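These are my notes on the model, set out as numbered points. They can be read alongside the sequence and the coordinates.

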Amino acid sequence: MAASTTKNPITTPPTLQPGRKKNKIIVVMGATEPENPALLSISPPVYQENGKSKRVHRHHRLLQPSPSSLHSSSPPSHLLQSRVCLCLHVCHPSSCLSPCTNTFQLQKRSFFFCDTLYFTVYLVLAFMWVASQSFHMRPVHRKEYPENLEKIMKPSDFPALDVFICTADPYKEPPINVVNTALSVMAYDYPTEKVSVYVSDDGGSALTLFAFMEAAKFASHWLPFCREKNITVRSPEVYFGTSNHSWCSETEKIKVKYSFSTVVFLLFNSVINYKSCPTMIFLSFKRKHTTWDRYVRVVKETDLKPDALRPRRVEHVVETGNVSNEYVSGDEEREAFSKWTDGFTRQDHPTVIQVFLENIKDRDITGHLLPNLIYVSRQKSKTSRHNFKAGALNTLLRVSAVMTNAPIVLTLDCDMYSNDPKTPLRVLCYVCDSAAQSDLSYVQFPQCFRGLNKNDIYASEIKRVFEINPLGMDGLKGPDYLGTGTFFCRRAFFGDPSTFMSPEIPQLHPNHAVDKPLKSPSILSLAHQVAGCNYENQTNWGCKMGFRYGSLVEDYYTGYWMHCDGWRSIFCHPERPAFYGDAPIALVDLINQNKRCVIGLLEVAFSKYSTLTFGIHRIGLMGLSYAHYSCWPFWAIPITVYAFLPQLALLKGVSIFPKVSEPWFLLYLFLFIGAYAKEYLEFILEGSTFRKWWNDQRIWMIRGLTCFLFGSIEYLLQSFGISAPGFNVTSKVLDDEQSKRYEQEIFEFGVPSPMFVTLATSAIINLFSFFKGFLDIMSGNNMEGLFLQMFLAGFLMVNCLPVYEAMFLRSDKGKMPTKITLISTFLAGALYAAASHIF
Ligand SMILES: O=c1ccn([C@@H]2O[C@H](COP(=O)(O)OP(=O)(O)O[C@H]3O[C@H](CO)[C@@H](O)[C@H](O)[C@H]3O)[C@@H](O)[C@H]2O)c(=O)[nH]1
Ligand SMILES: [Mn+2]
């Protein structure tokens with residue numbers, strides 16, 4: 001480790017943000033400590049609080065900043081307000097009292113059925129309330145001071161970084177976007193010779209391979225361009241897509257280069273897909289790909305019309321279908337494609353590993369070395385399990401160990417491009433801090449999304465999961481692993497902090513030093529071997545080593561295991577989002593994504609290592625946080641019950657809630673309004689708006705009626721062996737018409753998904769019951785007893801306005817399919833008939 005020789009060691013506390021003055025920000029100063037960070041770790045940590053020096057107590061250590069002022073932590077900025085929230089929270093468990101009233105009332109009518117339902121509802125609500133308290137105990141806000149890094153180490157001493165980017169389907173995840181993600185991290189402000197980017201292609205697609213071939217060429221222009229212009233958004237697509245970049249001839253040139261790569265790629269795409277029918281290619285090409293339009297626009301706008309860029313020439317090439325030969329040059333490239341033989345399918349193919357850039361010899365146009373860029377498509381066979389994303393990540397862990405073995409590993413989904421080139425430096429602030437190092441497994445960044453519409457109609461921000469809860473967990477043992485935007489210490493994949501678990505071969509050991517170039521035959525052959533589909537048989541991979549198998553939410557499950565094993569993690573939440581990704585813009589994509597998540601969570605909840613038993617026992621409060629998530633699917637119970645039962649009773653004129661004149665009435669009203677007010681307050685405090693909150697609670701209701709319900713059913717079918725688990729990759733393709741509707745905040749139904757049936761049925765029942773109740777009350781019929789039910793039906797009805805619109809008023813492609821409307825109407829009638837027997 002290089003001891004700093006600067007005259008100004010880590011003496012000055014970092015400047016604090018003006019807005020945070022009120023907080024007791026705790027900044028540790030290493031003023032009296034030796035300059036060498038290695039020595040710092042030996043001397044007792046000292047920190048300053050309100051002017052007084054204090055010793056750090058062992059159990060407080062994690063909350064206190066490290067002695068090197070690379071980072072600090074503080075209580076949440078809205079402490080007072082969150083206390084208010086906590087009080088409101090405390091009001092909530094009183095809802096557990098209310099079953100008595102209900103049970104009592106209902107027993108009189110001997111509705112055993114309703115009794116049981118209500119009791120379950122309250123049980124779920126009470127448990128969720130208790131479990132969610134773990135998020136409110138000790139929220140922590142952290143801050144990093146990357147500018148201080150230089151004072152303790154030289155860039156040449158920075159640890160190496162291996163970046164893993166996963167992609168699985170070239171049609172749902174356009175390769176050109178994957179390329180953009182890769183370019184954005186290749187251009188990190190980090191010593192290039194220390195960065196290696198690995199792309200895992202579970203789609204086994206020549207398109208992706210080709211796209212990366214182009215990317216490697218483009219990188220030699222793009223990286224120096226980013227450096228010289230010092231731009232912050234280093235995804236070319238996003239950079240050229242925004243208009244606020246300075247316009248100069250150089251920008252123009254590079255933009256055309258980029259567009260050219262894009263077009264060449266698209267051509268290749270078309271040729272491969274429609275080998276036999278060239279005219280088709282062109283038509284579908286033009287219809288489907290907006291990039292084409294953009295390309296034509298660029299060529300027109302810039303008035304640059306070199307021969308190669310003329311659309312007509314491109315047309316010609318497409319028609320003759322000769323692109324591959326024209327654009328695939330060199331034996332090495334041709335050899336890579338030769339693996340795609342006739343028998344090559346996505347589920348059954350040999351390993352393909354292609355090194356596109358090598359950081360010891362490949363240079364950009366200005367002579368700087370480029371980072372490593374490696375394409376990996378692991379071997380697949382129909383007879384062996386491949387364990388979805390976790391399997392892909394484990395393969396990359398091994399392949400990267402053989403090739404570069406960096407101590408830090410960043411995992412990224414293919415849509416999550418880097419939005420801040422200094423992100424790795426923030427991570428170093430934690431990783432290089434010897435006090436936090438020994439049991440640190442990963443540093444998690446929040447998931448942020450671009451392109452959300454103004455009021456975020458699908459509540460895709462999910463701030464609670466990606467921001468608020470992780471802050472709360474950070475005060476315990478650290479945030480859960482969110483699947484992307486996570487910097488791991490490689491060591492954390494091998495056993496717990498105190499006992500190391502040895503991998504099967506020494507080359508996979510995290511301390512193993514790679515001493516040969518990437519392309520040397522022995523390295524390549526070993527890399528192929530560890531990427532084989534049978535390599536993991538009889539090993540600890542997936543159960544005790546690496547990313548864990550057994551759940552469709554491999555991220556949650558892996559994080560859970562790491563915390564159970566005694567690791568801790570850190571939530572890094574800089575003001576400028578470190579990564580941006582895509583959120584689904586069609587409702588069906590959203591609920592399918594959530595359904596997969598529900599199945600994965602239930603897999604954990606009912607496993608041998610259930611969060612509810614093993615987890616809570618092993619890691620206490622932290623286990624409760626995890627249990628809160630794994631019980632999410634149970635929300636389906638209260639939501640479904642509240643969306644149907646009181647309304648059906650109302651249709652029959654039966655009152656099941658307290659009367660207006662009874663004292664319980666006020667309690668009910670208070671609980672309902674209190675629960676919503678609390679959520680609302682939390683939202684507003686996080687800087688959100690009323691409309692966003694409204695959309696969030698609506699999506700919550702929709703989730704309860706669709707994916708939570710169907711996910712649970714599918715999980716049951718799976719446990720009985722009736723259906724097999726599958727990882728349905730979320731589509732990241734933007735359809736023009738869909739995008740337009742999304743921008744206008746119109747709900748996108750369109751596909752006849754069975755999940756829409758419950759939603760539409762409930763919408764219909766709520767509509768009718770509200771009007772029936774309204775008429776009843778107007779005519780003075782049991783006004784007191786039915787008020788609450790009518791109130792609830794009215795509330796749900798307002799929530800369902802977009803559903804009515806989609807069913808009865810719209811005619812565009814995104815409307816509710818007629819089939820679903822018919823089935824739902826029929827089902828609503830059937831439920832009404834059934835209700836006659838119950839009430
Ligand atoms: O067999 C597979 C399936 C998926 N993936 C990749 O996994 C990532 C996540 O898939 P996506 O469909 O985008 O899932 P999301 O629901 O958007 O992702 C969330 O949920 C996943 C499962 O919990 C996590 O892995 C993700 O990190 C998290 O962002 C993508 O990059 C895929 O290419 C693979 O590599 N192999
Ligand atoms: Mn995603």
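1. Helix α15 supplies the largest share of the shell around ligand 1, namely 3 residues. This is a predicted model, and the points below should be read as such. The shell counts 21 residues, of which Cys166, Ala168, Asp413, Gly483 and Thr730 come nearest to ligand 1. Two or more residues each are given by β5 (161-167), α15, α20 (554-564) and α21 (587-605).

2. What is the make-up of the shell around ligand 1 by residue class? There are 9 nonpolar residues, 6 polar and 6 charged.

3. The position of ligand 1 follows from the domain assignment. Domain 2 (91-135 + 621-838) and domain 3 (158-242 + 322-586) both contribute residues to the shell, so ligand 1 lies between them. The chain is divided into these two and domain 1, which covers 1-69. Domains 2 and 3 are each written as two segments of the chain.

4. How far apart are the C-alpha centres of domain 2 and domain 3? They are separated by 39 Å. The contact between these domains draws 29 residues from domain 2 and 31 residues from domain 3. On the side of domain 2 that touches domain 3, at least two residues each come from α23 (621-630), α26 (690-705) and α28 (736-743). That side of domain 2 has 13 nonpolar residues, with 8 polar and 8 charged.

5. Helix α15 (residues 388-403), already noted for its share of the ligand 1 shell, also packs against helix α19 (residues 521-530). The angle is about 165 degrees and the axes are 9 Å apart. Angles over 145 degrees count as roughly antiparallel, and α15 is therefore roughly antiparallel to α19. The crossing is right-handed. On α15 the contact is made by Arg398, Val399, Val402 and Met403, and on α19 by Ile523, Leu526, Ala527 and Val530. By class this contact has 7 nonpolar residues, no polar ones and 1 charged.

6. Within the 621-838 segment of domain 2, helix α24 (residues 636-651) packs on helix α29 (residues 755-778) at an angle of about 35 degrees, with 9 Å between the axes. Here α24 passes α29 in a left-handed crossing. From α24 the contact takes Ala643, Phe644, Gln647, Leu648, Leu650 and Leu651. These meet Ser762, Ile765, Asn766, Phe768, Ser769, Lys772 and Gly773 of α29. The residues in this contact divide into 7 nonpolar, 5 polar and 1 charged.

7. Helix α29 has a further partner to record, helix α31 (residues 801-809), with the axes 10 Å apart and an angle of about 100 degrees. How are α29 and α31 oriented to each other? Angles of 65 to 115 degrees count as roughly perpendicular, and α29 and α31 are therefore roughly perpendicular to each other. Leu759, Ala760, Ala763 and Leu767 of α29 meet Val803, Tyr804 and Met807 of α31. This contact has 7 nonpolar residues, with no polar and no charged ones.

Conventions. Residues are numbered from 1 along each chain as its sequence is written. Chains are lettered from A and ligands numbered from 1 in the order in which they are written. This is a predicted model: local features need pLDDT of at least 70, side-chain atom pairs count only at pLDDT 80 or more; totals for chains, interfaces and linings use all residues. Axes are lines fitted to C-alpha atoms, for helices over the stretch in contact, and angles run from 0 to 180 degrees between N-to-C directions. Helices (H or I, at least four residues) and strands (E, at least two) are DSSP runs, numbered from the N terminus. Angles under 35 degrees count as roughly parallel, over 145 as roughly antiparallel, 65 to 115 as roughly perpendicular and the rest as oblique. A crossing is left-handed if the near helix is turned anticlockwise from the far one by less than a right angle, and right-handed if clockwise. Two residues are in contact if their C-beta atoms, placed from the backbone, lie within 7 Å. Ala, Val, Leu, Ile, Met, Phe, Trp, Tyr, Cys and Pro count as nonpolar, Asp, Glu, Lys and Arg as charged, and the others, Gly among them, as polar. Domain bounds come from an automatic or database domain assignment. A residue is near a molecule or strand if its C-beta atom, placed from the backbone, lies within 6 Å of it.
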